[in-house]
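Open your viewer, switch to the cartoon view and keep the selection tool handy. We will walk through one protein chain together, stop by stop.

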Amino acid sequence: MINYIEGKIAVRTPAYCVVETSGIGYGLIISLSTYSALEGKQIAKLLVESVFVRDDNPRFYGFSGEEERELFRKLISVSGVGGASAILMLSSLSPLEISGAINTANVSLLKSIKGIGEKTAQRIVVDLRGKLGKHEGGISTILTPVYNKNKEEALMALVMLGFAKASAEKAIEKAMKQQGVSSDNVENLIKAALKNI
């Protein structure tokens with residue numbers, strides 16, 4: 001069992017990174033918050049969690065902090081929530097927002113995340129309510145308008161998260177044109193686009 005990997009960041013995208021240590025590159029699926037935490041770093045230590053899709057096909061997820069990994073573990077313990085859904089939740093909302101939504105039974109916030117239907121959201125609340133600490137619920141301001149050009153990186157991240165390229169492009173355009181979200185911050189752009197897919 002791998003608990004953490006520490007080494008040089010060889011590749012860093014909003015959905016995936018490669019940490020190189022002892023001549024081996026470890027590919028890890030990451031959330032947007034971990035992507036942001038790695039900004040500007042050449043060396044990183046990422047906590048690791050493996051999820052087996054099949055017995056012979058593990059997927060490795062990387063986390064910048066224990067709080068995020070622990071929440072990921074709790075989310076995948078819920079029936080119907082796999083690694084991909086849990087990482088998408090952690091890319092759409094902060095751990096604090098997810099914990100708050102669960103503790104206050106805010107099903108509508110949870111089901112606003114792409115791929116989380118009402119039944120799954122209700123199951124998450126029933127299974128995890130009261131087990132995630134004392135965080136209060138509520139949506140923080142996720143979108144910040146400033147300008148730059150990170151559309152390609154955002155598009156690549158959405159495609160890696162499993163969305164069709166065409167619908168991802170439309171979601172990004174809608175976020176920028178109709179909602180006034182700028183492309184200065186990749187994380188903000190992806191979060192906004194996720195609400196439109």
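Here is a tour that begins with the whole chain and then moves from one selection to the next.

**Stop 1: the whole chain**

Before selecting anything, keep in mind that this is a predicted model. Colour the chain by secondary structure and you should find nine helices and five strands. Now trace the chain from the N terminus: the elements run β-β-β-α-β-β-α-α-α-α-α-α-α-α.

Next, switch on the surface. The chain exposes about 10,000 Å², and carbon and sulfur atoms supply 50% of that area. What share of the 197 residues counts as buried? The figure is 43%. Contacts across the sequence matter for this tour too: among contacts with a separation of 6 or more, 57% are between residues 24 or more positions apart.

**Stop 2: the strands at the start**

Select residues 4–12, which are strand β1, and residues 16–21, which are strand β2. These two strands pair in the antiparallel sense, over four bridges. To see one bridge, pick Ile-9 and look across to its partner in β2, Val-19. A hairpin of three residues joins β1 to β2.

Now add residues 24–29, strand β3. How many bridges does β3 share with β2? There are six, and the pairing is again in the antiparallel sense. One bridge to click on is Tyr-16 with Ile-29 in β3. Two residues lie between β2 and β3 in their hairpin, and Ser-22 in the turn has a positive phi of about 55°.

**Stop 3: Thr-13, in a loop**

Go back to the loop between β1 and β2 and select Thr-13. Is Thr-13 buried or exposed? Residues under 20% relative accessible area count as buried, and Thr-13 has 9%, so Thr-13 is buried.

Show the residues around Thr-13. Not counting residues up to four places away in sequence, Thr-13 touches Ile-30, Tyr-35, Glu-153, Met-156 and Met-160. Try the distance tool on Glu-153: its C-alpha atom is 7.2 Å from that of Thr-13, although the two residues are 140 apart along the chain.

**Stop 4: charges over rings**

Tyr-35, one of the residues that Thr-13 touches, has another feature to look at. Select Arg-12 as well: Arg-12 lies over the face of Tyr-35, at 3.9 Å from the ring centre. For a second example, select Lys-45 and Tyr-4. The charged end of Lys-45 sits over the ring of Tyr-4, 4.2 Å from the centre of that ring.

**Stop 5: a cluster of rings**

A pair of aromatic rings is described by the distance of the centres and the angle of the planes. The structure holds two aromatic pairs. Select Tyr-61 and Phe-72 to see a tilted pair, with 4.9 Å from centre to centre and 40° between the planes. This pair links distant parts of the chain: Tyr-61 is in strand β5 (residues 57–63) and Phe-72 is in helix α2, eleven residues apart. Both are buried: Tyr-61 has a relative accessible area of 3%, and Phe-72 has 0%.

Add Phe-63 to the selection. The ring centres of Phe-63 and Phe-72 are 5.0 Å apart and their planes are at 50°, so this pair is tilted as well. Phe-63 is buried too. Together, ring pairs link Tyr-61, Phe-63 and Phe-72 into a cluster.

**Stop 6: Ser-79, between two helices**

Move on to the loop between α2 (66–76) and α3 (83–92), and select Ser-79. Leaving aside neighbours within four places in sequence, which residues are in contact with Ser-79? They are Arg-123 and Asp-127. Thr-120 is 41 residues from Ser-79 in sequence, yet their C-alpha atoms are 8.1 Å apart.

**Stop 7: helix α7**

Finally, select residues 151–160, helix α7, and highlight its buried residues Ala-154, Leu-155, Ala-157 and Leu-158. Turn the view to look down the axis of α7: the buried residues fall within an arc of 160°, so they line one face of the helix. An α-helix has 3.6 residues a turn, so residues three or four places apart point the same way.

What covers these buried residues? The cover includes α8 (165–177) and α9 (186–194). For the last click, pick Gly-162, just after α7, which takes a positive phi of about 105°.

Definitions and conventions. Residues are numbered from 1 along each chain as its sequence is written. This is a predicted model: local features need pLDDT of at least 70, side-chain atom pairs count only at pLDDT 80 or more; totals for chains, interfaces and linings use all residues. Side-chain values use heavy atoms; hydrogens and water are left out. Buried means under 20% relative accessible area, exposed over 50%, partly exposed in between (1.4 Å probe, protein chains only). Contact means heavy atoms within 4.5 Å. Accessible areas come from the Shrake-Rupley method with a 1.4 Å probe; for residues, only the protein chains shown count as cover. Two strands pair if DSSP finds at least two bridges between them. Rings of Phe, Tyr and Trp (its six-membered ring) pair if their centres lie within 6.5 Å; planes under 30 degrees apart count as stacked, over 60 as edge-to-face and the rest as tilted. A charge sits over a ring if NZ of Lys or CZ of Arg is within 6 Å of the ring centre and within 35 degrees of the ring normal. The arc is that of the directions from the helix axis to the C-beta atoms.
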